[in-house]
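Visitor: I am new to protein structures and would like to learn how to read one. Could you walk me through it?

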Amino acid sequence: MRQVPSANTVPEVRVRAALHRLGVRFRLDQPIVLARGRVVRPALAFRGLKVAVFVDGCFWHRCPAHCRIPSSNREYWINKISGNARRDNETTERLETSGWTVVRVWEHEDPELAALRIQEAMNRARARVHPSVGNERPQVE
């Protein structure tokens, strides 16, 4: 399992390229430190907006449509993949509790559609972080 890449996977690179085509710029390897020193490393983190993006592999993260447990050593794989899914849920919950918006993208998703979903989450976060930008309303007296 050491040979399984955890970053710069083909699905991550495709989503990043789609975001880039939309004009979204980002930095890579932006760890987020949560309470009790837990460090989370999303595929992309937009710190100012508090948006974290994870690109999850269908096998490793238990995609309901595509994850198939191997028939050999089945108990091991059930425990391993269930543990990954449990950790994903816990990570999402901890980030959201800390005020982050979490976007999870499955590896089988169309990268262009995923990029649009990420951009929408960023726009919602931007409106939350900077409510007066683009929302000027006349004052009522």
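Here is a conversation about reading the features of this structure.

Guide: Gladly! Keep in mind from the start that this is a predicted model.

Visitor: Then let us begin with the overall layout. How many helices and strands are there?

Guide: The protein has three helices and five strands. Starting at the N terminus, you meet them in the order α-β-β-β-β-α-β-α. There are 141 residues in the protein, and 35% of them are buried. Of the contacts with a separation of 6 or more, 56% join residues 24 or more positions apart.

Visitor: Now a single helix, please. What should I look at in α3?

Guide: Begin with its span. Helix α3 covers residues 111-129, which is 19 residues, and it reaches 26 Å from its first C-alpha to its last. That is close to the 27 Å expected at 1.5 Å a residue. Then look at its start, where a side-chain oxygen of Asp 110 comes to within 2.7 Å of the backbone nitrogen of Glu 112.

Visitor: Which residues of α3 are buried?

Guide: A general idea helps here: an α-helix has 3.6 residues a turn, so residues three or four places apart point the same way. In α3, the buried residues are Ala 114, Ala 115, Ile 118, Ala 121, Met 122 and Ala 125. Viewed down the axis of α3, these buried residues fall within an arc of 120°, so they line one face of the helix. On the face turned away from that buried side you find the exposed residues Leu 113 and Arg 124.

Visitor: And what covers the buried residues of α3?

Guide: The cover includes α1, β3 (44-46), β4 (51-56) and β5 (101-106).

Visitor: That sounds like a step towards the core. Which residues have the most contacts inside the largest nonpolar core?

Guide: They are Phe 46, Val 51, Val 53, Val 105 and Ile 118, in a core of 19 residues. The elements giving two or more residues to this core are α1, β3, β4, β5 and α3. Helix α3 provides the largest share, with six residues. To see one core residue up close, pick Phe 46: leaving out residues up to four places away in sequence, Phe 46 touches Val 24, Arg 25, Phe 26, Val 51, Val 53, Trp 100, Ile 118 and Met 122.

Visitor: How many residues does the second core have?

Guide: The second core is separate and has nine residues, including Ala 45, Ala 52, Phe 54 and Val 102.

Visitor: Let us turn to charges. How many salt bridges does a search of the whole structure find?

Guide: The general idea is that side chains of opposite charge can pair when their charged atoms come close. The search finds seven salt bridges. In one of them, Arg 16 pairs with Glu 12, with the closest N and O atoms 3.9 Å apart. Arg 16 and Glu 12 both sit in helix α1, four residues apart, or about one turn of the helix. Arg 16 and Glu 12 are both buried.

Visitor: Which salt bridge links distant parts of the chain?

Guide: Look at Glu 112 and Arg 21, whose closest N and O atoms are 2.3 Å apart. This pair links distant parts of the chain, with Glu 112 in helix α3 and Arg 21 in helix α1, 91 residues apart. Glu 112 is partly exposed, at a relative accessible area of 35%, while Arg 21 is exposed, at 57%.

Visitor: Is Glu 109 buried or partly exposed?

Guide: Glu 109 counts as partly exposed, at 23% relative accessibility. Its salt-bridge partner is Arg 117, with the closest N and O atoms 2.9 Å apart. Arg 117 is partly exposed too, with a relative accessible area of 32%. For a network of salt bridges, look at Arg 38, Glu 90 and Arg 94, which are linked in one.

Visitor: One last stop, in a loop. Where does Gln 30 lie?

Guide: Gln 30 lies in the loop between α1 (10-21) and β1 (32-33). The side chain of Gln 30 makes a polar contact with the side chain of Arg 47, at 3.1 Å. Setting aside neighbours within four places in sequence, Gln 30 is in contact with Val 40, Pro 42, Ala 45 and Arg 47. You can also look across to Ala 52: the C-alpha atoms of Gln 30 and Ala 52 are separated by 9.6 Å, and the two residues are 22 residues apart along the chain.

How values were computed
Residues numbered from 1 in each chain as written. Predicted model: local features only at pLDDT ≥ 70, side-chain atom pairs only at ≥ 80, totals over all residues. Heavy atoms only, no water. Polar contact = N/O pair within 3.5 Å; in protein donor to acceptor, adjacent residues only side chain to side chain. Contact = heavy atoms within 4.5 Å. Expected span 1.5 Å × (residues − 1). Buried < 20%, exposed > 50% of the residue type's maximum accessible area, 1.4 Å probe, protein only. Arc of directions from axis to C-beta. Salt bridge = Lys/Arg side-chain N within 4 Å of Asp/Glu carboxyl O. Core = buried A, V, L, I, M, F, W, Y, C linked by side-chain atoms within 4.5 Å.
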